[in-house]
Amino acid sequence: MSDIIYKSISQINGPLLFVDNVKNASYNEIVNVILDNGERVKGQVLETRNGIAVVQVYGSTTSMSPDSTGVSFTGDTFKLPVSDDMLGRIFNGFGEPIDKGPKIYSREKVDITGAAINPYSREEPSEFIETGISTIDGMNTLVMGQKLPIFSGAGLSHNRLATQIARQAKTLNGNEKFGVVFGAIGITSEEANYFMKQFENSGALSESVIFLNLASDPSMDRIILPRVALTTAEYMAYEKDMNMLVILTDMTNYCEALREISSSREEIPGRRGYPGYMYTDLSTIYERAGKIKGRKGSITQIPILTMPGDDITNPVPDLTGYITEGQITLSRDLNRKNIYPEVDVLSSLSRLMNQGIGADHTREDHRGLADQLYASYAKGKDARALSEIVGEEALSDSDKKYLQFAEDFENKYVNQENTDRSITETLNLGWDMLSILPKEEMKKVKSAHIQKYGKWEN
């Protein structure tokens, strides 16, 4: 079909072209949009019915006219050339180099649409990934093959946390290849410069593949980037036997682009204007993480999203939480106290934590210690709320100790700036935190572990 140029565009609506009288157009087929000056822009068939093809344009449509713009159909889908030469490189959302390096030439070209891993072929995640962040490693452990999102808000430190995790993440045995695919969606130029400097200055760029999409880029670019990033990660994982960590920020910008395109198609909106199929669409991204039986490589995914108005019931975090295996939630209250990373451990959760901790993975006291820290911090926050009503002087001696624990926990355990703590340091620090409480209050940990790791005098 590549030799036929259709000049039958009936409507241009946002990033969409409606082309009439098209024969045999296929879903996801790549098209060339030809402007009156001869310039060509890529596009993709979004829908085809009754001879009408709805084409999403990879670029701006502001200079296009229905009368003078032509469309040719290639008969092929979007395929990405993949190679291990991509490591250490920076690309735009379409996989085109933007770091002044050469293009990627490869015989391997992979359809970016991909597919979720067949549940029958999935291997159960079980290997601990050390991020160097105590609130994650110690209390909301990341396991290889897991998808664990970070729920944040505007102005919080999710970008800083993302680059720190990308820089520090590693397996404990250190014998396996480990790489990072970092995808930034709809970010500002200032944020893009920040990410590039962080990766270059830390030396993490050599083991990373970075995809950047700016806020000034067309919305369609944001739909493509996560799929390009995951296609790259799948090649590295399943063809090159690498363990890949995929960080995608900000998925809220992705969902906003999805809503914009859905509105252009005049679809019936779902909650808060988002398309009703957003759950399914997000699952096609998140479910590409995991381990496959018989393959050495793996894909672990950390999507980051900013909750509009800090509302965790917004459809973006709400639907993400249904698909993924927990969440790391950042706190605005902790951020106001200049605590970094401002992880609210009580509203955070890792559903696969138990599969990656314990004597065979981290240390035998890990589960009990985490439970005790959770319980003690919750009591400390209750004591803090009570003190705001009756005053600290009116608290019992026990409540005062828990109040002190909450303060120390936030300032010494949660707050760690840019330090990279090993899991042993994190666990030992947890025991240090508990030592200000009476030994009799340690009801979540085994006596043998108190005897071995506790800081109390016998």
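**Entry 1: the second largest cavity**

I started with the lining of the second largest cavity in this predicted model, and I noted that its residues divide into 3 nonpolar, 3 polar and 1 charged. The residues that I listed around this cavity are T163, A166, R167, Q198, F199, S202 and A204. When I looked up which elements they come from, I found that α2 (158-168) and α3 (189-202) each supply at least two residues of this lining. For the volume of the second largest cavity I wrote down about 30 Å³.

**Entry 2: the largest cavity**

I then asked how many cavities of 30 Å³ or more the structure holds, and the count is 2. The largest cavity contains about 40 Å³ of space, and I recorded its lining as T131, I136, L142, L148, I150, I165, I302 and I328. Sorted by class, that lining has 7 nonpolar residues and 1 polar residue, with no charged residues.

**Entry 3: the largest pocket**

Turning to the pockets, I noted a volume of about 580 Å³ for the largest pocket. Its lining is made up of 18 residues, and those that lie nearest the centre are F78, K79, P81, F94 and E96. The elements that give two or more residues to this lining are β7 (70-77) and β8 (79-81). I also recorded the classes for the largest pocket, where 9 lining residues are nonpolar, 3 are polar and 6 are charged.

**Entry 4: the second largest pocket**

The second largest pocket holds about 480 Å³ of space, and of the 22 residues that line it, Y27, L46, I223, R227 and D281 are the closest to its centre. Two or more residues of this lining come from each of β5 (40-49), α4 (219-238), α5 (251-264) and α6 (278-286). Which element gives the largest share of the lining of the second largest pocket? I found that it is α4, with 4 residues. By class, I entered 12 nonpolar, 7 polar and 3 charged residues for this lining.

**Entry 5: R227 and D281**

I next looked up R227 and D281, which are among the residues closest to the centre of the second largest pocket. Their side chains meet in a salt bridge, with 3.5 Å from N to O. R227 belongs to helix α4 and D281 to helix α6, so this pair ties together parts of the chain that are 54 residues apart in sequence. Are these two partners buried or exposed? R227 is buried, because its relative accessible area of 14% is under the 20% cut-off, and D281, at 15% relative accessibility, also counts as buried.

**Entry 6: other salt bridges**

I noted the total as well, which is 28 salt bridges in the structure. One of the pairs that I checked is R122 with E287, whose side chains meet at 3.1 Å, N to O. R122 lies in strand β11 (residues 122-123), whereas E287 lies in the loop between α6 and β19 (290-292), so the pair ties together parts that are 165 residues apart in sequence. R122 is partly exposed at a relative accessible area of 22%, and E287 is partly exposed at 24%.

I also looked up the pair formed by E410 and K337, in which the closest N and O atoms are 3.1 Å apart. This salt bridge links distant parts of the chain, with E410 in helix α11 (residues 397-414) and K337 in the loop between α8 (332-336) and β22 (349-350), 73 residues apart. For accessibility, I recorded that E410 counts as buried at 2%, whereas K337 counts as partly exposed at 42%. My last note on charged pairs is that salt bridges with shared partners join E47, R49, R265 and E267 into one network.

**Entry 7: a sheet of three strands**

I finished with an open sheet of 3 strands, which I wrote down in the order β13-β12-β15, with antiparallel pairing. The edge strands are β13 (142-143) and β15 (170-171), each of which pairs on one side only. Strand β12 (residues 128-130) pairs with β13 in the antiparallel sense over 2 bridges. Which residue of β13 stands opposite F128? I found V143 at that position.

Notes. Residues numbered from 1 in each chain as written. Predicted model: local features only at pLDDT ≥ 70, side-chain atom pairs only at ≥ 80, totals over all residues. Heavy atoms only, no water. 1 Å grid on protein atoms, 1.4 Å probe; cavity = no way out; pocket = protein on both sides within 12 Å on 5 of 7 lines; lining within 4 Å. Points joined across faces, edges and corners; volume = space filled by probe spheres on them. Nonpolar A, V, L, I, M, F, W, Y, C, P; charged D, E, K, R; others polar. Pairing = 2+ DSSP bridges. Salt bridge = Lys/Arg side-chain N within 4 Å of Asp/Glu carboxyl O. Buried < 20%, exposed > 50% of the residue type's maximum accessible area, 1.4 Å probe, protein only.
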